[in-house]
Amino acid sequence: WTAEEKQLIASVWNKVNVEECGAEALARLLIVYPWTQRFFSSFGNLSSPTAILGNPKVRAHGRKVLTSFGEAVKNLDNIKTTYSKLSELHCEKLHVDPENFRLLGDILIIVLASHFARDFTPACQFAWQKLVGVVAHALARKYH
Amino acid sequence: MVLSGTDKTNVKGIFSKISSHAEEYGAETLERMFITYPQTKTYFPHFDLHHGSAQIKAHGKKVANALIEAVNHIDDISGALSKLSDLHAQKLRVDPVNFKLLGQCFLVVVAIHHPSALTPEVHASLDKFLCAVSAVLTAKYR
């Protein structure tokens with residue numbers, strides 16, 4: 001990570017409303033790529049975009065996921081270790097295809113873009129696209 | 001991936017907002033793609049890729065207008081883009097993975113300039129549309 005990339009990541013993250021953005025990112029994932037709903041059969045009503053956006057379990061889980069993302073932001077030089085246990089969990093217990101991490105990462109970028117508008121400069125997008133890629137890779141690393 | 005009636009309505013709706021900025025958004029999409037995914041620059045060794053480059057503006061306009069053409073013939077995208085499909089298969093041979101990268105950057109540009117219009121439903125429809133366009137452009141690759 002260059003110093004500039006770290007700065008760009010931090011400057012965006014410091015202004016992120018984790019609860020709102022997390023909820024929105026997960027909801028959009030489930031709406032834009034409906035097959036991702038396969039992991040959330042216990043979440044209740046996912047029958048329409050309105051239902052998904054208002055679903056309290058989706059909101060809560062979205063917040064949880066983005067909060068965890070914050071750990072990567074705090075430990076940019078140590079993301080692999082940070083997500084080691086989570087990687088095992090997603091493989092052994094949750095059985096999530098790592099492609100889903102990439103999909104969620106791309107969605108998160110679009111959510112950030114919609115919130116930050118012009119402040120989400122191309123340089124910002126580069127740094128964040130790199131970050132979501134690194135996170136996805138780290139989460140997939142312990143798969144077997 | 002089949003576009004439903006609602007998808008088509010959503011796509012036409014959002015494009016009616018952005019078509020007056022086609023060149024601007026096309027150029028911004030390309031610029032973001034070159035910066036975010038540097039490997040995409042390998043297809044443009046003959047271009048000046050600096051910010052504000054006339055070549056990027058011209059090419060962005062081409063790309064945007066092709067998308068608009070597809071929207072205007074949304075019931076027959078493969079017909080509307082048939083020549084472009086031939087071009088990509090025979091001459092340009094852009095690896096299919098890159099269409100997703102361009103699509104991602106286009107969605108980012110729309111999100112930046114029209115955040116309230118890019119509702120989750122419209123986002124879904126637009127993503128589907130971009131996939132459909134990519135499928136047409138790579139359909140004759142082999």
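A salt bridge here is a side-chain nitrogen of Lys or Arg within 4 Å of a carboxyl oxygen of Asp or Glu. This is a predicted model, where local features need pLDDT of at least 70 and side-chain atom pairs count only at pLDDT 80 or more, while totals for chains, interfaces and linings use all residues. Residues are numbered from 1 along each chain as its sequence is written, chains are lettered from A and ligands numbered from 1 in the order in which they are written, and side-chain values use heavy atoms, with hydrogens and water left out.

**View 1. B:D86 and B:K140 form a salt bridge.** Their closest N and O atoms sit 2.6 Å apart. B:D86 belongs to helix α5 (residues 82-92) of chain B and B:K140 to the segment after α7, so the pair ties together parts 54 residues apart in sequence. (Helices are DSSP runs of H or I, at least four residues, and strands are runs of E, at least two, numbered from the N terminus.) B:D86 is partly exposed at 26% relative accessibility, and B:K140 is partly exposed too, at 39%. For these labels, buried means under 20% relative accessible area, exposed over 50%, and partly exposed in between (1.4 Å probe, protein chains only).

**View 2. B:K61 and B:E23 meet through their side chains in a salt bridge.** The N to O distance is 3.6 Å. B:K61 is in helix α3 (residues 54-72) of chain B and B:E23 in helix α2, so this pair ties together parts 38 residues apart in sequence. Both ends are partly exposed: B:K61 has a relative accessible area of 38%, and B:E23 has 44%.

**View 3. In chain A, look for the salt bridge between A:E5 and A:K130.** Here N and O are 2.9 Å apart. A:E5 comes from helix α1 (residues 3-13) and A:K130 from helix α8 (residues 122-140), 125 residues apart. A:E5 is buried at 10% relative accessibility, whereas A:K130 is partly exposed at 31%. Over all chains, the structure holds 13 salt bridges.

**View 4. A:W128 sits among the best-connected members of the largest nonpolar core.** Such a core is a set of buried Ala, Val, Leu, Ile, Met, Phe, Trp, Tyr and Cys residues joined through side-chain atoms within 4.5 Å. This one has 82 residues, and A:F69, A:W128, A:L131, B:F15, B:I77 and B:F129 touch the most other members. Helix α7 (residues 99-116) of chain A gives the largest share, 10 residues. Leaving out residues up to four places away in sequence, the contacts of A:W128 (heavy atoms within 4.5 Å) include A:L8, A:W13, A:F69 and A:F120.

**View 5. B:H113 is tucked into helix α6 of chain B.** B:H113 counts as buried, with a relative accessible area of 17%. Its side chain makes a polar contact with the side chain of B:E28 at 2.7 Å. (A polar contact is a pair of N or O atoms within 3.5 Å; within protein, one must be able to donate a hydrogen and the other to accept it, and residues adjacent in sequence count only if both atoms are side-chain atoms.) B:H113 also touches A:R118 from the other chain.

**View 6. Chain B meets chain A, with 20 residues of B in contact with 21 of A.** Across this interface there are zero salt bridges, but eight residue pairs are in polar contact, both at pLDDT 80 or more. On the chain B side, α6 supplies the largest share, seven residues.
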